[in-house]
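I opened this notebook to keep track of what I looked up, contact type by contact type. The entries follow the order in which I went through the side chains.

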Amino acid sequence: MAAVGIALNGRKRPAGRLQAREAAREAKRKRRRAAGGGPEEKSSRLSAALFGEDCEISRDQLYELLKYAALGKCHNATQPSWCRIYHQSHLAGVVVIVLHEMSQLHFYKFYLQFKHLRKVFRHRFILTPSTNFLASLCGEGGNLKAQNTAKGLTSTGSDCIPKSSDLQHDPIIRKYGGKKQGLTSYTLTLEEQKKNDYPVKDSPGCKGYVYTECDQPRTDSSPLFGLDCEMCLTAKGNEVTRVSLVDAQGQCLLNELVKPESTVLNYRTRFSGITKKMLLPVKTRLPEIQTRLKKMLPRDAVLVGHSLNGDLQALEMIHPSVIDTSLLFARNEGRRFKLKFLAKAVLGKEIQSEEKLGHDPAEDARAALELAQFFIEQGPAKVAELNLEMLLTTEKLAEVSQNKAALQPQGCSIQKQLNEPPHLPKPCFLDCLQVTGQKPLLLGRQELDSSDLHQSNMSTPNKQILERALEDVPLSTFSIVQFSLGPEYVASHLLAGLCEKVRSKLTDMLTIYAGPFEESFCLKSVKKEFGRCGPIQCVTVVTETNQPYVCVQYEVLEAAQLAVESLNGAEVAGSCIKVQRPVTAAMLDCDVLIKELELDVENEGVIYVAGLKKSLTETDLQEEFSQLKDLETLFLPKDLQTGKHRNCCFLKFQKSQSAVDALEVINGWTVKGSKLSSRNALASGHLWRWIWQMNHSNGKQRGNSLYEKMEQLSDREQDLRKEVKKLDQHIKKIYRRLQNNTLCVVLFPGVNSMCGSQSGLGLMGIKDDGGRNAC
């Protein structure tokens, strides 16, 4: 009788593949037992220098890793620049698990619920949030069909014009139809504005924003105005440094430099063209710009811009009627054309020239305005006939050809260049996998169907995705499994409440109270004593009590914990004092959280050392600690604003026992007149940087709006905690099903919202025989 394989969800699976795979595993186990338990073949291993400040990974770097892991050297993939995969050819497969709508904030807010993730994955890194995460993850290339078409370009122009039957599938036609319509058909609806993070009237995240009061009903003859801003990065976030407004005739009505309210951290001169020298004499502030814009705009004005939501957020203004050219010229899979490309392809204009320093906001505002006018006048059908996707592919091919021609040695024949097959820069390696005969598996929000990446049913429950993953992932060499939080958990006001709760708890965990002291105690000696535990952010005297106490807020978790452990019950400034953290409802599980952080696999073999003199350099410390056995890396934290290093460091050892031995040696050790103290690390890697940023950033909302957000979150927090726990269990079940030597990457893509952005988080490892990752 023929055997049949049954999956957990009851669907039948081909028995042949299951039996063959199980037979291969059994044969492998027998060979190992016969050899005395030793491995029969080499195991893949992952090595990454993700320590201290080297923990932020770009999308391109992540792409490098996945491409090399999936394809290897035989398909011209190279080792990633930031980590190494040893014995890549022995990898059994690659699995990427994406947790949409989640960020690093979610991981640490629900740290105790993510039991499996924090106990298995040692390698972790920070990701910048992305609007179209999966597209950036898999490469810039389109689907396989589009690339094959691009490679088959001929000299006849008619080949580049899509047929009328093809136009029906064009995303512009699908969105707007083929007939010409007035401008009101292309303004964003309220729902579209909310979805794309536009500031909206009466939204909890927009309190304090200025409303333009342009309430008059729009008609197809309403005036269009182009708007563009340049921003710099400040302690507050993105702040406006230049504003440009142009009217429907392209005349510039406003082109003004603006002085940011907060300290500038990065002028982003390469893109903004703004320098410190330019802003020195500027006295214009944001409120003045807001007032001028309100006066300039008629009551029925329609604003036009490219990704205009970012400009309005930075301006802290709300306008009810907008046309966004990044959404108007629609693309598949949620991707967007760049303004520079659209200006050249549609208008025949060159903007954002490499020769200029930064972008010209008036030029960008005018280009966006003219693009909208072209779209309205010509209609969707004419725009679709431009075949912008094909033009973009051709442009990239031309750039590659030019680069190759420039690199060719003199005397090389043109025929040789023509015979070389063109290659797209950074093609989608999902397509490359299919070319090599491997069928990539995508489950969840976006799926593969006939070589095309398309939106799946957004309401597919995580449980159903899990069932498919348990069945299909073990049979695939490359899989992407996507889970999502429910829509009820991703609203901007809930994210703001979550952020404030985490910020508040971190502040409490970094704070200690000490006392009582005598009335005439010396505050300077108290600061000195507590400063030996680590960098202090501030010290205040508490006078509400019968005898004075001090409140000390540290910059790192280890310092606060070291103060509690070493100074509680000690004599400081002539008094025997008690040292403790604040007692609040949120802090009741603080001791459990500290213990779990200490046991986190990321902190294995890492210790924290405090009491260093600020005059000591990294070279000095490496010399001092060189006698410690198996010391691998030294990380000296720096103030992210001033660049000055703090009076503490982290030491990473190759073996956990060596770290334990080092703790005994270092405690009480004197380095150049400075007495050291140490303990196990709690936040040595990416977490240290994230805590610093959270601790030094101010929430956007204050007062009643903040408490409203936190109250709204409290109503859903218990349900959200349960959802997170389920996600951790889903990942655990998938991980258990994986073969040994499988690279597993779990990604929290990050979140962009009206209340700000939250960085993403990546965790990765190669599963070994023990079920943990091979590092």
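Is Cys538 buried, partly exposed or exposed? I noted first that the model is a predicted one, and then I read Cys538 as partly exposed, because its relative accessibility is 33%.

**Cysteines.** I searched for disulfides and found zero in the structure. For Cys538 I looked up the closest cysteine sulfur, which belongs to Cys551 and lies 6.5 Å away, too far for a bond, since a disulfide needs the two sulfur atoms within 2.5 Å. I also checked Cys522, which counts as partly exposed at 43% relative accessibility.

**Aromatic rings.** I counted 17 aromatic pairs in the structure. In the pair of Phe107 and Tyr111 the ring centres are 5.9 Å apart and the planes stand at 90°, so I entered this pair as edge-to-face. Tyr108 and Tyr111, with centres 5.7 Å apart and planes at 10°, went down as stacked. I recorded Phe107 and Tyr111 as buried, and Tyr108 is buried as well. These three residues belong to one aromatic cluster, which I list as Phe107, Tyr108, Tyr111, Phe114 and Phe748.

**Charges over rings.** I found Arg45 over the face of Tyr86, at 4.2 Å from the ring centre, and Lys767 over the face of Tyr735, at 5.5 Å from the ring centre.

**Salt bridges.** My search of the whole structure gave 20 salt bridges, and I followed some of them along the chain. Lys109 and Glu717 meet through their side chains at 2.8 Å, N to O. Because Lys109 lies in helix α3 (residues 104-109) and Glu717 in helix α29 (residues 704-737), this pair ties together parts that are 608 residues apart in sequence. I entered Glu717 as buried, at 9% relative accessibility.

Next I looked up Asp589 and Lys505, whose closest N and O atoms are 2.7 Å apart in a salt bridge. Asp589 sits in the loop between β24 (578-580) and α25 (590-599) and Lys505 in helix α22 (residues 492-509), so here the parts tied together are 84 residues apart in sequence. Asp589 is partly exposed, with a relative accessible area of 27%, whereas Lys505 is buried, with 17%.

The last pair I followed is Arg646 with Glu555, a salt bridge with its closest N and O atoms 3.2 Å apart. It links distant parts of the chain, 91 residues apart, and both Arg646 and Glu555 are buried. I closed by noting that salt bridges with shared partners join Lys109, Lys501, Glu717 and Arg721 into one network.

Note on methods
Residues numbered from 1 in each chain as written. Predicted model: local features only at pLDDT ≥ 70, side-chain atom pairs only at ≥ 80, totals over all residues. Heavy atoms only, no water. Buried < 20%, exposed > 50% of the residue type's maximum accessible area, 1.4 Å probe, protein only. Phe/Tyr/Trp six-rings, centres within 6.5 Å; stacked < 30°, edge-to-face > 60°. Lys NZ or Arg CZ within 6 Å of the ring centre and 35° of its normal. Salt bridge = Lys/Arg side-chain N within 4 Å of Asp/Glu carboxyl O. Helix = DSSP H or I, 4+ residues; strand = E, 2+ residues; numbered from the N terminus.
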